[in-house]
Structures are given as C-alpha cells and as structure tokens.
Amino acid sequence: MNRKGTLFGLIVIGILYFIFGFVTWLNGTLIPFLQTACQLSEVAAYLVTFAFYISYFVWALPSSAILKLTGFKNGIAVGLFVMAIGSALFIPASYTRSYILFLVALFIMGSGLALMQTAVNPYVTILGPHESAAKRMSIMGICNKFAGILAPIILGAILLTGFDTLSAEISQATNPADKETLLNTLSLRLVRPYTVMTEILTLLGLLICFMRLPDVEDDGTAGTRAHSSIWRQKRLWFGVIALFFYVGVEVMAGDTIIKYGMSLGVAQESAKYFTSFTLIAMLLGYFIGVVLIPKVINQRQALLGCAVSGMLFAACAILIPKHLAVDFSFLDLATFGTMRMHVPFTVLFVALMGLSNALVWPAIWPLALEGAGEHTKTGSALLIMAIAGGATLPLLYGALTNAMGSQSAYILAIPCYLVILAFAIYCRKK
C-alpha cells in the first residue's frame, strides 16, 4: 500500500472512531434518563451498559468470520447498517416506554460496533510501524473521545433540560393517569435524536459501500509463525484479561459519574456534563501519548504509568470527603449562557481516572498481539470480546452501590488497575 492510500485509510478510520465514541458515550446520559422514564431500580438501570457491551462478547468471533466473507470495507458498511437498525428501534421503544425494547436496541447497536471494531482496530495496527502503533491508536482515540465529549452534552441538552422539575412532578403525581402521561412525555424526548442518528448511520453505510478504501488483507505478520495453538499464546490471553478489566473501569469512570454526582446532591443540569469531564481527561491523555510515544516512553512504560495513576485517582475518589467541592463558571453549549457549577472533588477524581485510562487501550492492543503471528486476526476478535468488561463491572458497581454506597463502590476500580499493572510488568518478557 502506498503512502497516499495509507493516509486516506487512516482518515476514514478516524471518522469511524468518531462514530464509535459518539454512540458509545451516550450511555452515561441514558442511564439516569431511562431510570426515571421506565421507573427502574439502581441495578436495573445499569443494564443499559450490560446490554450494550455484552454484544461485543457475543459477536466478536462471529464478526471475524463475517469479515473473512465480506472483507474490511464491506464489513464496516454492514456494521453501520446494523447500528442504524438498533438506533431505529429506539423510536418504537420510546412510544411504548418498553425497557426490554430499549435494551434490545442497545444490544443491536453494540453488535454493529463489534463488527466495525473487529475490522478497524487491527487496521490501525497494520498501517505503519509496530513500535508506533500506540501512537496511531492515540490519534484514533482523540477522534473517539472528542466525539464522546460532544455526545453527552448534545443528548443531555435534549433529554435532561428541565429534567429535575419533571422528575419532581412525576414523583409527586398521585393520579396514575397523570403520572403515566408525564412518563410518556419524558420518554418521547428520545424520538428526534435517534431518528437523526438512524439517518446519519444509514447514509454513512451507503457512502462506505461506494468509497474506495485500501484493501488490507495482510495481518502484519508475513513470514512470522506463532505457536501451533492459540492457547499457548500467554501474552495474548493475559492481554485479553487486562483489556476486560480496563474496559470495565473505563465505563465505570464515564457512565456512572452522572448518577454518582446526583447521589451527592448535584443538580441534573450540572451532573449531565460529568461524563464529558471524564472524556476531556481521556482526550488529554491521548495527546500526551501522541507526543511521548515512542520518542520518550514506550508502550509498556505508558501502561505502567496509567495503572499506577489510576489506583491513586481511584483511592482519592473513595477517600476524599463528599462535602469538599469547587465552584466554577463555564459556557453552557446548550444555551450559550454562563453556567455556575458546584462539583465535589471526589467527582473530579473519578473524572481524572479518564486520564489514566487514555493510553491503556492503545498500549494493550499492540503488546497483546506482539508475536501472535498467524493468530493475529483471532487474537483481535478475542480482544474485542474483552469489551464485555464494560457489561459486567458497571453492573457490579450498581450492586455495590446498594451495599456500601456510591462512593465506596469505586473500590472496584483498584483491582482493575492492579490487573493492568500486572500485564505491564509481564510484558517485560520478550
């Protein structure tokens, strides 16, 4: 592949990473919204993340088989169409206020993403030298997290404007018919944004079908042989385990922070921005990765730093008293007016976990696939399956919240970072 084709391929993948980020980081806003609209318990509300991320576990290996039939480009288009179907299901789910249908829609959207990510993640690793793979992943991460910053702000402006007032009216309604009307009014706020999203995903799928993309068939391991069995790929399997815990702690930091802020008494109008705080911290981490890798630090060293700092930030989030807070003003993008916000320091440290999380994904992928040889494509599918950590660990966080409180429940982050640290230490071995 020539330089021009490689650059064009990376630009297209950057656009796709933007889509990944936008769709994925809507969940933090959906959790509190659907909890009220569908009258859910604390644990049931986190089924939003479970339904979305468990699809990666279900579809990762089948996605690898599908890509062998369709190729990279057509597989990406199919993934976009599948996501469009899931997005379209939000419309009848909103009218019927059926939580089951919402979860099915989220599962289908996650399935489309699983197919797309199975194609594009190894694509980034292949398009350039192995030692700078984490740098290219960081650039893709910037596209992903920039979209993630915008997603909760845009959806929050649509769904959560006046949410506190409407929630109070719902809780105070004594007439069942009046309460049902208010709940239906709230639920229908989802129709317009998901109609627009369906149209955009369908259009992008059609564009990919007619677009000329570099055809990457080689997995980057020509002339390299791995052990005869994938079960003997210890580094790969350790990487899968580390990625499972990483995605779990990443989703915890991004998708639980809004509800965590609300549990501390922060108004919904302010708390809706907290997921964006986490993603701004991640975006900063990706910029650091672009500057430092591989000139100053290597991928393994970046992973070590992420694990240690993540444990420190998690410990601060757990131990800092809830009443300590900071006040500041900023531009509200929904109204273009000045907004004053009261943010507990413990919330800020949850957001700073995003800084620690930023370089974990870009570092684990090339480290886990190093030396995989003929098993690279299957290994990529196994790493995608590890995204199921985002399904299980936030659900466990919800259960711990009931048992020990929302702040103490972040203790779950500590063992996650310990596993990441252990993988980084293990990767000293050649």
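This section describes the overall fold of the protein and the geometry of two of its helices, as seen in a predicted model.

The secondary structure of the protein consists of 19 helices and two strands. The radius of gyration is 21 Å, close to the 22 Å given by the globule rule for 430 residues, so the protein is as compact as a globular protein of that length. Along the principal axes, the C-alpha trace extends over about 70 × 45 × 40 Å. Of the 430 residues, 57% are buried. Among contacts with a separation of 6 or more, 83% join residues that lie 24 or more positions apart. The exposed surface of the protein amounts to about 17,200 Å², of which 68% is supplied by carbon and sulfur atoms.

Helix α4, spanning residues 47-96, departs from straight geometry. Although α4 contains 50 residues, its end C-alpha atoms are only 18 Å apart, whereas a straight helix would reach 74 Å at 1.5 Å a residue. A kink of about 115° is present in α4 and is centred on Gly 71. Just after this helix, Arg 97 adopts a positive phi of about 55°.

Helix α15, formed by residues 345-357, has a span close to expectation: its 13 residues cover 19 Å from the first C-alpha to the last, against an expected 18 Å. The buried residues of α15 include the hydroxyl-bearing Thr 346 and Ser 356, together with Val 347, Phe 349, Val 350, Ala 351, Met 353, Gly 354 and Asn 357.

Methods
Residues numbered from 1 in each chain as written. Predicted model: local features only at pLDDT ≥ 70, side-chain atom pairs only at ≥ 80, totals over all residues. Heavy atoms only, no water. Helix = DSSP H or I, 4+ residues; strand = E, 2+ residues; numbered from the N terminus. Expected span 1.5 Å × (residues − 1). Bend = angle between axes of the 7 residues up to and from the residue. Buried < 20%, exposed > 50% of the residue type's maximum accessible area, 1.4 Å probe, protein only. Rg over C-alpha atoms; globule rule 2.2 N^0.38 Å. Contact = heavy atoms within 4.5 Å. Areas by Shrake-Rupley, 256 points an atom, 1.4 Å probe, with all protein chains shown as cover.
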